[in-house]
Amino acid sequence: MSKEKTHNMASCMLSILDSIKLYDNDSLELGDETLSQMMFRKMGAYDINLNDELGFTHLKPVDGKDIVEEEMWDHYSELPNPKWYEYKENKMSLYERYKNSKTQDEEEKIEVINEIISTYPKIIDYLYNRLDTCFGEHTVYLVHMKVNGEDMLKVGYTKNDVVRRFGEKRYAGQNTLDIIEVVRDNKLQAKGAVDFEKKLKDMMVGYRTESNLTLPGKNEFMDIQYKDDIVKMYDTFYEQYKDVEGLKSPN
């Protein structure tokens, strides 16, 4: 290396060092320029090409738009400090954060869900639909119906209107079904409804009707001759579940 080049490099390094000291003392006015840009500018003035000197091709000054606020970039090493990674995570697309949150803790899940709600408030309507299924009001019904002309009782729960319940597609085209009377249709919170229905089914095992029904929930059909006993059982146990509150799994 020539004496002139050695002199230029030493002078450049001293000049950069002086600027860094001024920066550390809050005495250096950079304007829109970053320390990185200042260093490359000074090296250019001394005819020094950092890539040539180090055998690299990728080194370049860091633009101001690439440096985040609050000293998130280490100006000496030009490497990010830990806060920078937090910043990058916050800048990650909401969709990416949503995907990542599925394997993270509840706190992160809640944070991402809240951000989705804030960003896309229309989703609240969809969430309430799901919340109604898992946490909302449900009707525990006892219905007298005819299936293929045979009288029987059915117990169950639904978040919908009881009559509409049996108009759903899953009941269509399998058996002829006519509702004679909605005997009971009391409302409970979702968990209370599930627990109450289970209690009734457990108590009514001996009342089930024997049939070859293809309807969903065929084990929930009871022999009509036990109507008075089943109604009494319903009315007796209903009170025990009026204050039950909790989650039920989605259907």
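# Reading the terms on a predicted model

Student: Why is Glu-197 called buried?

Tutor: Its relative accessibility is 8%. Buried means under 20%. The value falls under that cut-off, so Glu-197 counts as buried. Keep in mind that this is a predicted model.

Student: Where does Glu-197 sit, and what is Glu-197 in contact with?

Tutor: Glu-197 belongs to helix 9. Leave out neighbours within four places in sequence, and its contacts are Val-155, Gly-156, Tyr-157 and Glu-220.

Student: What makes these contacts?

Tutor: A contact needs heavy atoms within 4.5 Å. Each of the four residues counts as one for Glu-197.

Student: Now the whole chain. How many helices and strands does the protein have, and what share of residues is buried?

Tutor: There are ten helices and six strands. Of the 251 residues, 31% are buried. Take the contacts between residues at least 6 apart in sequence: 61% of them join residues at least 24 apart.

Student: What is the strand order in the open sheet, and how are the strands paired?

Tutor: Four strands build the sheet in the order 5-3-4-6, with antiparallel pairing.

Student: What makes strand 5 and strand 6 edge strands?

Tutor: Strand 5 (177-189) and strand 6 (221-223) each have a single partner strand, so one side of each lacks a neighbour in the sheet. On average, neighbouring strands are turned by 25° against each other, direction ignored.

Student: How do you know that strand 4 and strand 6 pair?

Tutor: Count the bridges. Pairing takes at least two. Strand 4 (residues 150-158) and strand 6 are joined by three, and they run antiparallel. Three meets the requirement, so the two strands pair. In strand 6, Phe-221 stands opposite Lys-154.

Student: Which strands does helix 9 touch?

Tutor: Helix 9 (residues 190-203) packs on the sheet and touches strand 3 (137-147), strand 4 and strand 5. Its direction makes about 125° with that of strand 5. Helix 10 (residues 227-238) lies across strand 3, strand 4, strand 5 and strand 6, at about 15° to strand 5.

Student: How do you know that strand 3 pairs with strand 5 and with strand 4?

Tutor: Same test: at least two bridges. Strand 3 and strand 5 share eleven, in the antiparallel sense. Strand 3 and strand 4 share nine, also antiparallel. Both counts pass, so both pairs hold. One opposite pair is Tyr-141 and Asp-185 of strand 5. Another bridge links Met-145 to Met-152 in strand 4.

Student: What makes strand 3 mostly covered?

Tutor: Nine of its eleven residues are buried. Each of those nine has under 20% relative accessible area.

Student: How many residues lie between strand 3 and strand 4 in their hairpin?

Tutor: Two residues. Asn-148 is in the turn, with a positive phi of about 55°.

Student: What is the C-alpha separation of Thr-176 and Asn-148?

Tutor: It is 4.9 Å, although the residues are 28 apart along the chain. Thr-176 lies in the loop between helix 8 (162-165) and strand 5. Beyond residues up to four places away in sequence, Thr-176 touches Lys-146, Val-147 and Asn-148.

Student: Why is helix 1 called roughly antiparallel to helix 2?

Tutor: The axes of helix 1 (residues 3-24) and helix 2 (residues 35-45) come within 9 Å and cross at roughly 155°. Angles over 145 degrees count as roughly antiparallel, so helix 1 earns that name against helix 2. The crossing is right-handed.

Student: Which residues make the contact of helix 1 and helix 2?

Tutor: Helix 1 supplies Cys-12, Ser-15, Ile-16, Ser-19 and Tyr-23. Helix 2 supplies Leu-35, Met-38, Met-39, Lys-42 and Met-43. By class, that gives seven nonpolar, two polar and one charged residues.

Student: Why is helix 9 called oblique to helix 10?

Tutor: Their axes come within 11 Å and cross at roughly 140°. Roughly antiparallel starts over 145 degrees and roughly perpendicular covers 65 to 115, so helix 9 is oblique to helix 10. This crossing is right-handed. Helix 9 brings Phe-196, Lys-199, Leu-200 and Met-203. Helix 10 brings Met-233, Tyr-234, Phe-237 and Tyr-238. The classes are seven nonpolar, no polar and one charged.

Methods: Residues are numbered from 1 along each chain as its sequence is written. This is a predicted model: local features need pLDDT of at least 70, side-chain atom pairs count only at pLDDT 80 or more; totals for chains, interfaces and linings use all residues. Side-chain values use heavy atoms; hydrogens and water are left out. Axes are lines fitted to C-alpha atoms, for helices over the stretch in contact, and angles run from 0 to 180 degrees between N-to-C directions. Buried means under 20% relative accessible area, exposed over 50%, partly exposed in between (1.4 Å probe, protein chains only). Angles under 35 degrees count as roughly parallel, over 145 as roughly antiparallel, 65 to 115 as roughly perpendicular and the rest as oblique. A crossing is left-handed if the near helix is turned anticlockwise from the far one by less than a right angle, and right-handed if clockwise. Ala, Val, Leu, Ile, Met, Phe, Trp, Tyr, Cys and Pro count as nonpolar, Asp, Glu, Lys and Arg as charged, and the others, Gly among them, as polar.
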